[in-house]
Amino acid sequence: MRSVYRGLPFAEDRRPPTSRGTQLVPTTSDVWQALDDGQVWGPIIGQATIARRARAFHWPLEFPDVMQQGGFNVVLGNPPWERIKLQEQEFFAARSPEIAGAANKAARERLIKALAISGEGSPERALYADFVAAKREAEAGSEFVRTSGEEGGRFTLTGRGDVNTYALFAELFANLARDRAGVIVPTGIATDATTAPFFASLVEQKRLSQLVDFENSAPIFPSVHRSFKFTLLTLGRNEGTARFAFFLTDPAQLAEPERNFTLSPQDIAAINPYTKTAPTFRSRADAELTAKIYAKAPFFGTTEGDDCWRPDFFKKMFDFGIHADLLDFADHRPSEQHLPVYEAKMIWHFSHRQSTYEGASETDRKNGQARDACERELADPDWEATPRCWTTKEAFKARTSGRNWDRSWVMSMRDVTNATNERSAIFAVRPFLPSNDKLPSVFVIFPAPLVACLLGNLSSLTLDFVARQKIGGTNLASFIVEQFPILPPSSYTEARLAFITPKVLELTYTSHSLAPFARDLGHNGPPFVWDEERRTALRADLDAFYARAYGLTRDELRYILDPADVKGSDYPSETFRVLKEKEIRRHGFYRTQRLVLAAWDRMEADGTFRQLGLTAGQGVDAAERAVQRSAFGELSDGVWARAAQQPNDAGAALTAVLKSMKGPVPRRTIRLATAMMLEPHLLTSLIPHARALEWQRLVGQEAGPRTGNVVGFAGRTNQGWGTAVSNHRGNGRLIEDMSAGTWASGIGLDAIDTAGWPDGRARFVLEALADLDLDTTVTSMPDEIQGWIEYAATA
C-alpha cells in the first residue's frame, strides 16, 4: 500500500484479484479493480468498515516521507489514560445499576447471564447485545496490542498486563521520534511492574532525558482526582544522565535546586536492579541517603551465594473476585470446618490484630470497612480479630498445597499502601491461616530467630524511608520488596540475635494464637502483656539498632525521622509527616523522634553499639578484603603505573576512593588514602613485606621505598583536590557529616571514568589501611604530608 501512496508503477498487474474468497487484506489487484469501478469482494469492503469504526491509523501510510527519514524530530502529546479491558461495573453504571452494584464478580456474572436468556426484543436482551459488542471490541484491541514483536507487534514493551492506553502511546512516541519526545502520562510509567520493561529500555538505551512528577493536590488539573500523580516524560538520544523531580505540586517548584537531581543508568540499576524502574526521590538529600543505605546491604531478592534470604511470595491465596465461590461472608463462623480469612488491614507492625469486623454493620462489611482494635481488646491474649469472611479448611489446604511451609505461623505484608501514609512498608508475623490477595505471605526458610531479625529489619524506620522512595502508586508489589536493601543473615551475630530476638518476641507474642512462633523462639511462657508505652520503647531500640547497622550517622537518622529538623522547615522533603502530626495531636510532641534518638544516644553512651559490633569502621570488611587480595594476585605487573603526573590526578584519586568506600569513612582516612595513591612509596614501608612486594609489582617505580620529606606535594595537589571536592559536594556525589567528621559516597560517581591506576590503587590502599591504626599511620607520615592530611580533616 505504501507503493500506491508513492505512485510507484504496478499497472501491468490487472488480473482478477487472487484474494477473492480467501483473504481479507486488500492487495494491489483489489485496489486496481476498485479504481476501475469494478466489483470488490464484499468481505474486504466490510473489513474497511470495521477499520473505520476502530479508527485504525497507519503512520507509515500517513507520513511516508517522515517515516523513511527515521521518524519525527519531535513528538509531543497528552494521550488518553484508559484501560483497554472492558470494565463491567463502569459499562453497567448508567445502564443497569443493579449489575454495577453487585456484591462481587461472581454475582455480577450471574446477572449478566440472566440478560442473555431474556426475551427477544426486550431491553434486557438489547443491553446484553451491546455488552457483548463492547466486550468483543475491547478483546480485539487487547489482542492487537499484545501481538509479539516476532509477529509484527507494535507494542512489544507495553502491550502486557492490564494494558492502559497511556503506556501504548508512550512507546509509540518513543518509536516515532527521531530526536526527542515529550508525553504527559501517569507516574506509573516509571514505577509500575507492567511498564517496567519499557522504562528499563529507556534507561538501558539512554533515551531518558527528564522525568518530572506532579501530585495533583493543588489541583493542576481540576477534572482529575487530587490524589492522582502524573509525569512529564522527556525522551532523547544518547542521554548520559537523566534529570528527575518528584512530588511537585506547582510547575514553579522546578526552579528549586534541591528538588532536582540526576541519575545515570548505573545509579538506577544500583537501586532497582531487576526492574530498572525509577526511584521517587523528593529531594537530592533523599537520593544521596538512599544510595548510602544501598551500599550497605544486598537486595532482598538476590539469589547469589548462600548468604541471602531467597523470599518466596504467595500473592493470591484467596482473591475475593476469583475465589468468591470459596468464601462465606457470614458475620460469624459458619462451622468448625471454617477458618478466618485475614486481610491487609488486619495487620500492623508486630501485630496481627490491628483491626476487626466485630460489631460492623452489613454495609461496612460489604464495603470492607473494619474498625481498629481497642487497647482493651489487644490486652486480652484470648481475643482475636473477627474477619470479614471465612473459607473451609479443605479450600485452604487445596490453595496452599505444594508450598514448602510446615510452620503454624507465617510472615505477611500489606500490599495496599502509599508513600505518604503514616507508614508504608508494613510486615507482621501472623497465624498461618487463609488470607486475601492484598495480604501476600512471605516464606523464608530460616530458623525463627533469624526470621525475627528479618521482621525487625523490614519494620524499621530506615527501611521504610527507602520503601517510600520506591512506591509510585498504592501497591507494595513483590517486585518492589525484592529490591529492598536488607541486611543478610550473616550480619546477625550471637550478640545481635540476643539483642533483637527478645524484643521482637515481646512485641509479636501478645495472643495465644502465636504460641507456635514463641515456642520456635525458645519461649514457653504465656503471651506478653500489651503495653503501649513498653512497645514504643522496644521499637525505638530496634529502630536505633537498624539505623546504625545500615551505617547511618545520628544526623542521618534525624533526617529520616524529620528532614525539617536537619534542613529547615522549607526543605522540599518529608518522610513521616503523617506519623509526626498524629503524635503531636495525641501527645503534644513527636514521640517516635524523641524516643528513637534517645535510644541511639543511650546505646552510644553505654557501649551497646560497641558490644554489637556497630562502631565506625574503615569501610572495608574482612570478607571483602580477602576477595580483593586474591584478585590482586591475578593482575599483571605495572597495571597501576602512571605514565606521568597530571594536574587532575588528585581529583581522579578522590573519586576512586569514594567509589571504593562502603559507608561513611573518616575524612582523615580519605586524605591519607589519596596521599598514598599519589605518593605510593608512603604505603610501602607500612605493610607486611609480601604485601609491599605485591604493591610495588602492581604500581611500578613510584612504589619503591624512599626516605625524607615529600617536597611540593601540597602545591601540586591542592588545586585538583579542591576542585574535585567542590564538584562532588555540589552534585551530591560526596555526602558529608560535619559532626561525625566523615565522608560517604553519593549518587553519580559511577558515571565518572576512573578505570586503571585510580580504581586499582584505591582498592589496595583502603584494604591496607583497614589493618592499620589511623592516628599512628598519620603521625608516621613526612611533615608536609602530615600537615596536608590534618588540614584536609578540617576543610
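At what angle do the axes of helix 19 and helix 24 cross? Select residues 461–468 for helix 19 and 554–561 for helix 24: the axes cross at roughly 60° and come within 10 Å. Before going further, keep in mind that this is a predicted model.

**Stop 1: helix 19 and helix 24**

At that angle the two helices are oblique to each other, and the crossing is left-handed. To see the contact, show side chains for Leu-461, Thr-462 and Phe-465 on helix 19, then Tyr-559, Ile-560 and Leu-561 on helix 24. Colour them by class and you get 5 nonpolar residues, 1 polar and no charged ones.

**Stop 2: helix 30 and helix 35**

Now for another helix pair. Pick residues 649–660 (helix 30) and 757–769 (helix 35), whose axes come within 8 Å and cross at roughly 55°. Angles from 35 to 65 degrees fall in the oblique class, so helix 30 is oblique to helix 35. Helix 30 passes helix 35 in a right-handed crossing.

On the helix 30 side, the contact is made by Asp-649, Ala-652, Ala-656, Val-657, Lys-659 and Ser-660. Helix 35 brings Trp-757, Pro-758, Asp-759, Ala-762, Arg-763 and Leu-766. Colouring by class here gives 7 nonpolar, 1 polar and 4 charged residues.

**Stop 3: the six-stranded sheet**

Switch to cartoon view for this one. Six strands make an open sheet with mixed pairing, in the order 1-2-4-3-5-6. Strand 1 (72–77) and strand 6 (261–263) are the edges, each pairing on one side only. From one strand to the next, the twist averages 15°.

Then bring up helix 10, residues 165–176, which packs on the sheet and touches strand 1, strand 2 (177–186) and strand 4 (229–235). The helix direction makes about 165° with that of strand 2.

Within the sheet, select 208–215 and 242–248: these are strand 3 and strand 5, paired in the parallel sense over 4 bridges. Label Leu-211 and you'll find Phe-244 of strand 5 opposite.

**Stop 4: strand 12 and its partners**

How many of the residues of strand 12 are buried? Select 409–413 and check: 5 of 5. Side chains in a regular strand alternate between the two faces of the sheet. Here both faces are covered, with Trp-409, Met-411 and Met-413 buried on one side and Val-410 and Ser-412 buried on the other.

Add residues 427–431 to bring in strand 13, which pairs with strand 12 in the antiparallel sense over 5 bridges. Met-411 faces Val-429 across that pairing, standing opposite it. Next add 441–443, strand 14, which runs antiparallel to strand 12 and is joined to it by 2 bridges. In this pairing, Ser-412 stands opposite Ser-441.

**Stop 5: Thr-386**

Is Thr-386 buried or exposed? Zoom in on the loop between helix 16 (375–378) and strand 11 (390–392), where Thr-386 lies. Thr-386 has a relative accessible area of 18%, and the cut-off for buried is under 20%, so Thr-386 counts as buried. Leaving out residues up to four places away in sequence, Thr-386 touches Asp-331, Met-346, Thr-356, Tyr-357 and Glu-358.

**Last stop: the three-stranded sheet**

Finish with an open sheet of 3 strands in the order 15-17-16, with antiparallel pairing. Strand 15 (665–666) and strand 16 (734–737) are the edges. Select 742–745 for strand 17, which pairs with strand 16 over 4 bridges. Label Asp-737, and the residue opposite in strand 17 is Thr-742.

Notes: Residues are numbered from 1 along each chain as its sequence is written. This is a predicted model: local features need pLDDT of at least 70, side-chain atom pairs count only at pLDDT 80 or more; totals for chains, interfaces and linings use all residues. Side-chain values use heavy atoms; hydrogens and water are left out. Two strands pair if DSSP finds at least two bridges between them. Axes are lines fitted to C-alpha atoms, for helices over the stretch in contact, and angles run from 0 to 180 degrees between N-to-C directions. Contact means heavy atoms within 4.5 Å. Angles under 35 degrees count as roughly parallel, over 145 as roughly antiparallel, 65 to 115 as roughly perpendicular and the rest as oblique. A crossing is left-handed if the near helix is turned anticlockwise from the far one by less than a right angle, and right-handed if clockwise. Ala, Val, Leu, Ile, Met, Phe, Trp, Tyr, Cys and Pro count as nonpolar, Asp, Glu, Lys and Arg as charged, and the others, Gly among them, as polar. Buried means under 20% relative accessible area, exposed over 50%, partly exposed in between (1.4 Å probe, protein chains only).
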